[in-house]
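This report looks at strand pairing, the nonpolar interior and the aromatic contacts of one protein chain. The sequence and the structure come first, and the discussion follows.

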Amino acid sequence: MSTENEGNEGNEVTPAPSAPSVPVPPAAAPDTPSAEARPGEQQTVSADQQHTAPLPPVPPPPAGAGPDASAGAGAGAGSVPPVPPAVPAYAQGGGGHGWGAGYQPPAPMPARRKGGLVAGVLIAALLAGGIGGGIGYWAAERNDSAVDSTTVSASDTPADLKREPGTVANIAANALPSVVTIDAQGGGAQGEGGTGTGFVYDKQGHILTNNHVVASAADGGRIQVTFSDGKKYEAQVVGLAQGYDVAVLRLKNASGLKPLPLGNSDRVAVGDSTIAIGAPFGLSNTVTTGIVSAKNRPVASGDGTGSKNSYMSALQTDASINPGNSGGPLLDARGAVIGINSAIKPAESGGGLGGGQGGSIGLGFAIPINQAKNVADQLIKSGKAVYPMIGASVSLDESTNDGARISNEGVGGSEPVTKGGPADKAGLRPGDVITRLDDRPIDSGPTLISEIWTHKPGDTVKLTFERGGEERTVDVVLGSKGED
């Protein structure tokens, strides 16, 4: 597989092995750099779950209490998943574990799971409320004069109670007006559509989200975004970066937008608090919390069509992320964006709430915001993204996990090492096994791609490789390629 053609061959990518865990040194406390808007550029702001448990049995109301009401519901609790490997398997489930992209996937119209799920949830809530209310009134009527109340009312609680700065409630209240639910309707005969999330990137009306959320609607489709206050806007695609799984939209006729502040994902530490906002299974404006579980997780995820893969050196979080959260912000304890929620390792239980899709088991992955910002700025400027590359094809063989081996043959019969390319200039040859990029251990081809794509064209990296049992280290100046 060529690092110039990663994930773009049009075929399903062979799963890659798990990587060894990468020790992460504690990061320094984040500073808060100021953001300066440069002339002619967009103004970004810099700042440095729902299980439907079975309802408890409700005694029937006495005769004359009102019309009958009943509901059949059941959601068995799944077994506790086994402890995951130190680094997850790759695309399409190495070892039988599939990676699910965290968004409401395309489905043939007019059937839309989102509506069915929301309706089901609301009906269950209404029925429970109606029955409970009836029984509560009956019990109160029978016991009103028998027992005096011993509860104390907090009558002095203000109607506009303010949450302290730094609390989840305060952060959510500030961030929700800048998060949108995206409804993408494909333009093809199948009428594919889906629901995802995005957030306001700048004051010019740009929305940052995942490529797989809007890819089906990019060619002749329709995209509508809805804010937490119910306002709806039409949006158009500014640019897509399939390999990075990043997309930028622009709202039509929108004003008064408040961009979310961007944090510094390089300075995030394992254990830092996280807050995820999105529309899991179509439930807009859902807020969940967790921590940063790990950094630099090499993850390959699908683009929603099953034909291509995206690669990221991801932030891992246990904040509950489900289909529909894709493209939404992962915030830190200050409310700054540190990542874009993009993929999950789903529970392997069929027939769940997601119409057969597994839900969160606490393994969510987000594109670090530093990388996403770099890609977004490219898309806004030119509509296209640029990828760094070394000019060599690497193996995706799942049976080995000792490094990224340069193939003996390139993609489509091409040369495995591009003549005059970065790898060629550094003296790399077919059969060399790359084991480290700078200070990052490399166990496979996808891991190498993920790490390369955290850099920019022109950056110099150190590649450590083995040849004939001998270890060598060379400096490689990364080249560039455009989106295929």
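## Basis and overall composition

A residue is called buried when its relative accessible area is under 20%, exposed when that value is over 50%, and partly exposed in between. The coordinates discussed here belong to a predicted model, and 46% of the 484 residues of the protein count as buried by this criterion.

The protein has six helices and 20 strands. Its accessible surface comes to about 22700 Å², and 52% of that surface belongs to carbon and sulfur atoms.

## Strand β12 and its two partners

Strand β12, which spans residues 337-344, is mostly covered, with eight of its eight residues buried. On one side of the account stands strand β11 (residues 329-331), which runs antiparallel to β12 and is joined to it by three bridges; within this pairing, proline 329 has isoleucine 340 of β12 as its bridge partner. The two strands form a hairpin with five residues between them, and glycine 335, in the turn, has a positive phi of about 90°.

Strand β12 also pairs with strand β13 (residues 364-368), again in the antiparallel sense, over five bridges. In this second pairing, glycine 339 stands opposite proline 368 of β13.

## Nonpolar cores and helix α6

The largest nonpolar core contains 56 residues, of which Leu208, Ile390, Leu448 and Leu463 touch the most other members. Helix α4 (residues 369-382) supplies the largest share of this core, namely five residues. Leucine 208, when its neighbours within four places in sequence are left aside, is in contact with Gly198, Phe199, Tyr201, Val246, Ala247, Val248, Gly327, Ile340, Ile369 and Ala376. Isoleucine 340 thus appears both among these contacts and as the bridge partner of proline 329. Apart from the largest core lies another core of 17 residues, among them Val200, Ala217, Phe227 and Leu257.

Helix α6 (residues 445-452) is likewise mostly covered, since eight of its eight residues are buried. The buried residues of this helix include Gly445, Pro446 and Thr447, as well as Ser450 and Glu451; Leu448, also buried in α6, is one of the residues that touch the most other members of the largest core.

## Aromatic pairs

A search of the whole structure finds five aromatic pairs. In one of them, tyrosine 244 and tyrosine 387 are stacked, at 4.4 Å centre to centre and with 5° between the planes. This pair links distant parts of the chain, 143 residues apart, with tyrosine 244 in the loop between β6 (232-241) and β7 (246-251) and tyrosine 387 in strand β14 (residues 386-389). Tyrosine 244 is buried, with a relative accessible area of 3%, and tyrosine 387 is buried as well, at 1%.

A further pair, formed by tyrosine 311 and tryptophan 453, is edge-to-face, at 5.9 Å centre to centre and with 80° between the planes. Because tyrosine 311 lies in strand β10 (residues 309-317) and tryptophan 453 in the loop between α6 and β18 (460-467), the pair ties together parts that are 142 residues apart in sequence. Why does tyrosine 311 count as buried? Its relative accessibility is 1%, and the limit for a buried residue is under 20%, so tyrosine 311 meets the criterion. Tryptophan 453, at 2% relative accessibility, also counts as buried. Together, Tyr244, Tyr311, Tyr387 and Trp453 form one aromatic cluster.

Key. Residues are numbered from 1 along each chain as its sequence is written. This is a predicted model: local features need pLDDT of at least 70, side-chain atom pairs count only at pLDDT 80 or more; totals for chains, interfaces and linings use all residues. Side-chain values use heavy atoms; hydrogens and water are left out. Buried means under 20% relative accessible area, exposed over 50%, partly exposed in between (1.4 Å probe, protein chains only). Helices (H or I, at least four residues) and strands (E, at least two) are DSSP runs, numbered from the N terminus. Two strands pair if DSSP finds at least two bridges between them. Accessible areas come from the Shrake-Rupley method with a 1.4 Å probe; for residues, only the protein chains shown count as cover. A nonpolar core is a set of buried Ala, Val, Leu, Ile, Met, Phe, Trp, Tyr and Cys residues joined through side-chain atoms within 4.5 Å. Contact means heavy atoms within 4.5 Å. Rings of Phe, Tyr and Trp (its six-membered ring) pair if their centres lie within 6.5 Å; planes under 30 degrees apart count as stacked, over 60 as edge-to-face and the rest as tilted.
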